[in-house]
Amino acid sequence: MKYAFSSILFFATALAFGQKDPESREQNQPVPPFRIIGNLYYVGAKEVCSFLITTPAGHIILDGGFAETAPQIERNVAQLGFKIEDVKILLNSHAHLDHAGGLAELKQKSGAKFMASAGDAELLRKGGHGDFRFGDTLLFPPVVVDQIIGDGESIQLGNQKLTAWMTPGHTKGNTTWTTKISDGGKTYDVVFAGSPTALDYKLVGKESYPGIAADFEKTFAVLKRLPCDILLSDHGSFFHSEKKRERLMRGENPNPFIDPGESRQFVSHFEKEFHEKLDLQKKAVTSPTPSPE
Ligand SMILES: [Zn+2]
């Protein structure tokens, strides 16, 4: 399984240029909105995801992309025949500029209540200032959290329930959301996995934040035990969104987004990547002098 997208490369370039760099612009390319399954829709850009869940009592949006993605998301919601004013709840995977950047505008346009984790609330309120790795360099429009959601806590809108699972490491409050979506007489477990990548974080010695390595281990354990028929995440490439969208548009049946094995592959891929980083850093500590070759 290939995960072409390099978070580290992205963050390195974003660090220097913000959203205006070519890779960020590429991630922010518009794609047509579409129904994933049941009352769950894709309203994000090419790589930075945003999901819409509709109910008769109003709608939920998870993630706002970059600040520059918000107008696309609004257009996408309208194109699907829904009203942004009917969005009652806004959620976030984590407080980085490519997923939280558009939230302030979406909150203002919709009047929705913004719910997020305690671990990311301050970073969201400060618009990215004081990030444990990026300092004051990866900023986004600040957004106030109206309601803190704890680990294992659920929110409900109409008949739709979503549950938050703390999957810290990538940010301190990185959140995985789960829900159930019904379609064609069946009900599916849907997981919106929070980013599982350790970027260039320090995991050994003076950690990027105390306990970060243990947090990642916890995150992989949590992700492994969540039942999952449909895996989604905050980056399209993490769950091969483009390919599945094309297959879906071709009318493939069963729906290509239904793949009960994918979550396991996703977790083992990123867990392996994490342990490789951890081992490299451990080796660097135990043998500080490079071998002569
Ligand atoms: Zn991130």
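Ala, Val, Leu, Ile, Met, Phe, Trp, Tyr, Cys and Pro count here as nonpolar, Asp, Glu, Lys and Arg as charged, and the others, Gly among them, as polar. The structure is a predicted model, in which local features need pLDDT of at least 70, side-chain atom pairs count only at pLDDT 80 or more, and totals for chains, interfaces and linings use all residues. Residues are numbered from 1 along each chain as its sequence is written, and side-chain values use heavy atoms, with hydrogens and water left out.

The largest nonpolar core (buried Ala, Val, Leu, Ile, Met, Phe, Trp, Tyr and Cys residues joined through side-chain atoms within 4.5 Å; buried means under 20% relative accessible area, with a 1.4 Å probe and protein chains only) has 82 residues. Helix α7, residues 212-225 (helices are DSSP runs of H or I, at least four residues), gives the most to this core, with six residues. Leu-40, Phe-51, Leu-124, Leu-203 and Leu-232 have the most contacts inside the core. Beyond its neighbours within four places in sequence, Leu-232 is in contact (heavy atoms within 4.5 Å) with residues including Ile-36, Leu-40, Phe-51 and Phe-257.

The zinc ion has three histidine donors (N, O and S atoms within 2.8 Å of the metal, or 3.2 Å for Na, K and Ca; water is not among the atoms, so sites may look incomplete): His-94 through NE2, His-96 through ND1 and His-170 through NE2, lying 2.1 to 2.2 Å from the ion. His-96, in the loop between β5 (87-91) and α4 (97-100), and His-170, in the loop between β9 (160-166) and β10 (175-183), are 74 residues apart and link distant parts of the chain. His-96 is buried, at 3% relative accessible area, and His-170 is buried at 2%.

Note on methods:
Buried means under 20% relative accessible area, exposed over 50%, partly exposed in between (1.4 Å probe, protein chains only). Helices (H or I, at least four residues) and strands (E, at least two) are DSSP runs, numbered from the N terminus.
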